[in-house]
Amino acid sequence: MPHPHRGSTRPPATGHRTPTTRPDAPRAATANGVGGGRLRAAPGDAVSWSADPYARALTAGQGPLFLRRADGWLLPLDVERWCAEADAVDMEVLRRCEGAVLDVGCGPGRLVAALGRQGRRVLGIDVSEVAVACTLRLGGPALRRSVFDSLPGEGRWGTALLIDGNIGIGGDPAALLDRMAQLLAPGGLLIAETVPDLDLDERVHVHVTDAGGATGTPFPWARLGTPALLRHAERADWGAVGQWMTGGRSFVALRGSGSGSGSARGSGSGVRGPVHSPATLDV
């Protein structure tokens with residue numbers, strides 16, 4: 001499978017490494033959002049991932065596509081890998097999944113489709129209409145919805161996935177972990193992909209851009225290495241049950257220890273309405 005595009009208009013900060021990042025619904029936290037509290041949609045955040053240039057790249061099945069920081073640095077996005085079938089690294093992640101699986105920020109649906117072929121119960125969510133349409137074409141169930149919206153099976157999912165950098169959703173890892181605890185069953189499993197080899201805990205504002213300079217609306221994002229994610233997880237009462245690195249990508253498996261009653265609440269705003277309703281999905 002192709003690696004992320006290399007190169008940028010200026011070099012990354014010292015020690016930074018390019019991760020693969022597939023976004024779902026970036027959310028801006030309110031002042032009390034860290035460690036709990038309601039998250040509200042940043043103006044235009046869903047538009048960032050529902051319109052060009054992101055939609056064009058998914059439709060074409062290829063980049064180049066980037067997240068651009070305010071200082072001009074470009075983070076390449078691995079569109080070709082997202083639009084391909086699940087590779088060996090992905091399959092190792094899926095092998096570890098338990099029970100019904102929620103893929104948060106499913107993108108064009110390679111993981112949802114792979115789980116479906118295994119006969120697993122799975123649902124993908126993404127705010128991009130094009131991403132959800134791609135998932136449906138692969139035969140996978142998907143909703144056009146943010147992770148912070150009301151979702152089917154809240155408190156009953158066996159596993160939740162934050163792959164391809166989706167631990168960065170909303171730019172507030174503590175609030176996202178709180179929301180994951182709410183979605184999972186007690187003792188449920190969260191598998192998150194992290195930035196390889198770095199103790200990185202970065203909060204930035206970015207926008208989607210392509211090689212032609214087309215841009216989307218700025219939104220908050222986060223990038224975490226494994227040590228940083230483990231620190232956030234410990235503070236939120238998650239237990240680390242696995243860490244591994246393969247194919248240049250790194251992952252952490254966390255086990256929820258609470259009742260699934262995290263304090264983060266879906267705002268009920270944002271992109272709504274299923275493109276495909278999994279109302280009968282048994283989780």
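Which residues are buried in helix 7? In this predicted model, the buried positions of helix 7 are Pro173, Ala174, Ala175, Leu176, Leu177, Asp178, Arg179, Met180, Gln182 and Leu183. Helix 7, which spans residues 173–183, is thus mostly covered, with 10 of its 11 residues buried.

Confidence in the prediction varies along the chain. The mean pLDDT of the protein chain is 81, and 73% of its residues reach 70 or more. Over residues 1–45, however, the pLDDT is below 50, although this stretch has 149 contacts in the model beyond near neighbours in sequence. The pLDDT likewise stays under 50 over residues 259–280, for which the model has 59 contacts beyond four places in sequence. Where pLDDT is low, the predicted coordinates should not be read in detail.

Met180 of helix 7 is buried and also belongs to the largest nonpolar core, which holds 48 residues and in which Val147, Leu162, Met180 and Leu190 touch the most other members. When neighbours within four places in sequence are left aside, the contacts of Leu190 are with Ala160, Leu162, Leu177, Met180, Leu184, Trp238, Val252, Ala253 and Leu254. Apart from this core lies another, of 19 residues, which includes Ala86, Leu111, Leu115 and Trp244. In soluble globular proteins, nonpolar side chains tend to be buried together.

Two members of the 19-residue core, Leu111 and Leu115, are also among the buried residues of helix 5, which are Arg110, Leu111, Val112, Ala113, Ala114 and Leu115. Helix 5 is accordingly described as mostly covered, since 6 of its 8 residues are buried. Just after helix 5, Gly119 takes a positive phi of about 80°. Arg121 follows in the loop between helix 5 (110–117) and strand 6 (122–126), where its relative accessibility of 38% means that Arg121 counts as partly exposed. Arg121 and Gly99 are 22 residues apart in sequence, and their C-alpha atoms are 7.3 Å apart in space.

Aromatic contacts were examined next. A search of the whole structure finds 2 aromatic pairs. One is formed by Phe219 and Trp221 in an edge-to-face arrangement, with 6.0 Å from centre to centre and 80° between the planes. Phe219 is buried, with a relative accessible area of 0%, and Trp221, at 1% relative accessibility, likewise counts as buried. The pair formed by Trp244 and Phe251 is stacked, with 5.4 Å from centre to centre and 20° between the planes. Both Trp244 and Phe251 are buried. The ring of Trp244 is also approached by a charged group, for the charged end of Arg96 sits over this ring, 3.6 Å from its centre.

Trp244 lies within the residue range of strand 12 (residues 238–246), which runs antiparallel to strand 13 (residues 249–256) and is joined to strand 13 by 8 bridges. Strand 12 and strand 13 form a hairpin with 2 residues between them, and Gly247 in the turn has a positive phi of about 60°. Thr246 stands opposite Arg249 of strand 13. Leu190 of the largest core is in contact with several residues from this part of the chain, including Trp238, Val252, Ala253 and Leu254.

Strand 10 (residues 201–210) pairs with two other strands described here. Strand 3 (residues 65–69) runs antiparallel to strand 10, and 5 bridges join the two; within this pairing, Val206 of strand 10 is the bridge partner of Arg69. With strand 11 (residues 219–224), strand 10 pairs in the antiparallel sense over 6 bridges, and here the bridge partner of Glu202 is Arg223 in strand 11. Because 7 of its 10 residues are buried, strand 10 is largely enclosed by the rest of the structure.

Asp71 is found in the loop between strand 3 and strand 4 (74–76). At 35% relative accessibility, Asp71 counts as partly exposed. Between Asp71 and Val206 the separation in sequence is 135 residues, whereas their C-alpha atoms are 9.5 Å apart in space.

Technical notes
Residues numbered from 1 in each chain as written. Heavy atoms only, no water. Pairing = 2+ DSSP bridges. Helix = DSSP H or I, 4+ residues; strand = E, 2+ residues; numbered from the N terminus. Buried < 20%, exposed > 50% of the residue type's maximum accessible area, 1.4 Å probe, protein only. Core = buried A, V, L, I, M, F, W, Y, C linked by side-chain atoms within 4.5 Å. Contact = heavy atoms within 4.5 Å. Phe/Tyr/Trp six-rings, centres within 6.5 Å; stacked < 30°, edge-to-face > 60°. Lys NZ or Arg CZ within 6 Å of the ring centre and 35° of its normal. pLDDT = per-residue confidence, 0-100.
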